[in-house]
Amino acid sequence: MTVAFTFPGQGSQAVGMGKDLADNFAEARAVFEEVDEALGEKLSDVIFNGPEDRLTLTANAQPALMAVSMAVIRVLQARGLDLKSKVAYVAGHSLGEYSALCAAGTFSLADTARLLRIRGNAMQAAVPVGVGAMAAIIGLEHADVVAVCEEASAIGACQIANDNGGGQIVISGEKAPVEKAAELATAKGAKRAILLPVSAPFHSALMAPAADAMRQALAGVAKANPVVPVIANVKAAPVTDADEIARLLVEQVTGQVRWRETVEWFAANNVTTLYEIGAGKVLTGLARRIDKSVNGIAVNNAADIDTALAALLG
C-alpha cells in the first residue's frame, strides 16, 4: 500500500470543524492555541463557534482549514505515525498546499498561519468586489473549456482556475468574460455552467497583486526541504526543493490548480490510498471520480484517526 496525504482547500470549512479533535487530544488543542497566538486573535473561537460568515471570510477560512489539518497530523504523529516512513507524497488543493508543506516540515505552524492570513487578505484585496467572477463548468472536456476561455478572453481576462476532475472545471477572471465563457460552454454541450458565490476571482491573472504579496512574504520566512515530496498544484509533479516550492506557491496564486492531473499522477505512480487530512470529504469524492483505482479516505475526527492509524501502523 503506497499512501499519500491530501489537504483540503477553501469551501471545506464548516463551523465546529476540529472541535472533536480539540476536545479529545491535547496535541490538537496545542495546534489551535499556537495558531491563535501566531495570528494574535482567537481564530479557534470562530472555527468552533462561528458565526459562519466570519469563518467563510477568505482571511479566516485559509488558516482555519490549515489548523484543522495540522491538528489531525499532530495527533497522528503523537500516536506513532512517522510521515517520512509511512507516507510517500503530500499534496493540497490551493491553500491546502500550505497545509501539506507544514505537515512535511517546509514551514513552521506559526509561519504557515501567518502566510495564509497574508494570502487571504491579499487575494481579497487584489480585485474590487464585483469586478471578478468564477464559474463551475460541469461535463465539458478540458480542451473545450480552454477553447471557450480563449474565445471569451477577447473581452477580458478569463482562464481555468481549478481542474478538479470528475467533469468539474472552474474558470475565473473578469465578470463579463467569465459570464460569456459560461454561455459558450453551455452552447458547446456543458451539462451546467454555474456562476459561483465567491468574493474574488481566485487563480486568475487578476490575482497578480496577491502573487506579489506572497513573493515578498515567502522570501522572508524560514523554509526547509519537505521530508516527503509535495505534488505542486501548478506542476502536478513532485517537488522537493524549498526554494522551488516557494516560487511555485507564488505562481499558484495566478495559476491553475491541476488537481485532476495530480490524482492521475498518484494513480500512475502506484499510490493506492489517499488520506484526506482535515475538514470535509471534497477531495475524497473527487479522487473517486477521477480514478477508481485510488482509494480515498477522509480523516476528520477521533474515530477516523483510530481507523487510519490501524491501517497505517498495522
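What follows is a chat about a predicted model and some of its local features.

Biologist: Let's start with the rings. How many aromatic pairs are there?

Modeller: The count comes to six aromatic pairs. Take Phe 5 and Tyr 275: their ring centres sit 5.9 Å apart with the planes at 75°, so that pair is edge-to-face.

Biologist: Where in the chain are Phe 5 and Tyr 275?

Modeller: They link distant parts of the chain. Phe 5 belongs to strand S1 (residues 3-7) and Tyr 275 to strand S9 (residues 273-277), which puts them 270 residues apart.

Biologist: And are Phe 5 and Tyr 275 buried or exposed?

Modeller: Phe 5 is buried, and Tyr 275 is too.

Biologist: What about Tyr 98 and Phe 107, why is that pair stacked?

Modeller: The planes of Tyr 98 and Phe 107 are at 20° and the ring centres are 6.4 Å apart, so the pair counts as stacked. For stacking, the planes have to be under 30 degrees apart. Tyr 98 and Phe 107 are both buried.

Biologist: Which residues form an aromatic cluster?

Modeller: Tyr 89, Trp 265 and Phe 266 form one.

Biologist: OK, switching to helices. Which residues of H9 are buried?

Modeller: Helix H9 covers residues 142-152, and its buried residues are Val 145, Val 148, Cys 149 and Ala 152. Looking down the axis of H9, they fall within an arc of 100°, so they line one face of the helix.

Biologist: What's on the other side of H9?

Modeller: Ala 143 and Glu 150, which are exposed there.

Biologist: And what do the buried residues of H9 pack against?

Modeller: Three strands and a helix: S3 (132-138), S4 (158-165), S5 (168-174) and helix H10 (175-187).

Biologist: Since H10 came up, where does Ala 187 lie, and is that residue buried or exposed?

Modeller: Ala 187 lies in helix H10. Its relative accessible area is 69%, so Ala 187 is exposed. The C-alpha atoms of Ala 187 and Val 148 are separated by 9.9 Å, with their positions 39 residues apart along the chain.

Biologist: New topic: empty space. How many cavities of 30 Å³ or more turn up in the whole structure?

Modeller: A search of the whole structure finds one. The space in that largest cavity is about 40 Å³.

Biologist: What lines the largest cavity?

Modeller: The lining includes Thr 6, Tyr 275, Glu 276, Thr 284 and Ile 297. Tyr 275 is the residue from the edge-to-face pair with Phe 5. S9, helix H14 (282-290) and strand S10 (295-299) each give two or more residues to the lining. By class, the lining has five nonpolar, three polar and one charged residues.

Biologist: And the largest pocket, what volume does it have?

Modeller: About 740 Å³. Of the 30 residues lining the largest pocket, Gln 10, Gly 11, Asn 162, Val 198 and Phe 202 are the closest to its centre. Elements giving two or more residues to that lining are helix H5 (58-78), helix H8 (109-125), S3, S4, S5 and H14.

Biologist: How do the residues of that lining divide by class?

Modeller: The lining of the largest pocket divides into 13 nonpolar, 16 polar and one charged.

Biologist: How about the second largest pocket, how much space lies in it?

Modeller: About 150 Å³. There are 16 lining residues, and Gly 132, Ala 133, Met 134, Leu 196 and Val 198 are the closest to the centre of that pocket. S3 gives the most to the lining, with three residues. The classes there are 11 nonpolar, three polar and two charged.

Biologist: Last bit, backbone oddities. Which residues does a cis peptide bond join?

Modeller: Gly 50 and Pro 51, with omega about 5°. Pro 51 is in the loop between helix H3 (43-49) and helix H4 (52-56). Most peptide bonds are trans, and most residues other than glycine have a negative phi.

Biologist: So which residue other than glycine has a positive phi near 60°?

Modeller: Ser 94 does. Ser 94 is in the loop between strand S2 (89-92) and helix H7 (96-103). At 10% relative accessibility, Ser 94 counts as buried.

Biologist: And Asn 270, what's its phi?

Modeller: Positive, about 65°, although Asn 270 is not a glycine. Asn 270 lies in the loop between helix H13 (259-268) and S9. With 58% relative accessibility, Asn 270 counts as exposed.

Conventions:
Residues numbered from 1 in each chain as written. Predicted model: local features only at pLDDT ≥ 70, side-chain atom pairs only at ≥ 80, totals over all residues. Heavy atoms only, no water. Phe/Tyr/Trp six-rings, centres within 6.5 Å; stacked < 30°, edge-to-face > 60°. Helix = DSSP H or I, 4+ residues; strand = E, 2+ residues; numbered from the N terminus. Buried < 20%, exposed > 50% of the residue type's maximum accessible area, 1.4 Å probe, protein only. Arc of directions from axis to C-beta. Contact = heavy atoms within 4.5 Å. 1 Å grid on protein atoms, 1.4 Å probe; cavity = no way out; pocket = protein on both sides within 12 Å on 5 of 7 lines; lining within 4 Å. Points joined across faces, edges and corners; volume = space filled by probe spheres on them. Nonpolar A, V, L, I, M, F, W, Y, C, P; charged D, E, K, R; others polar.
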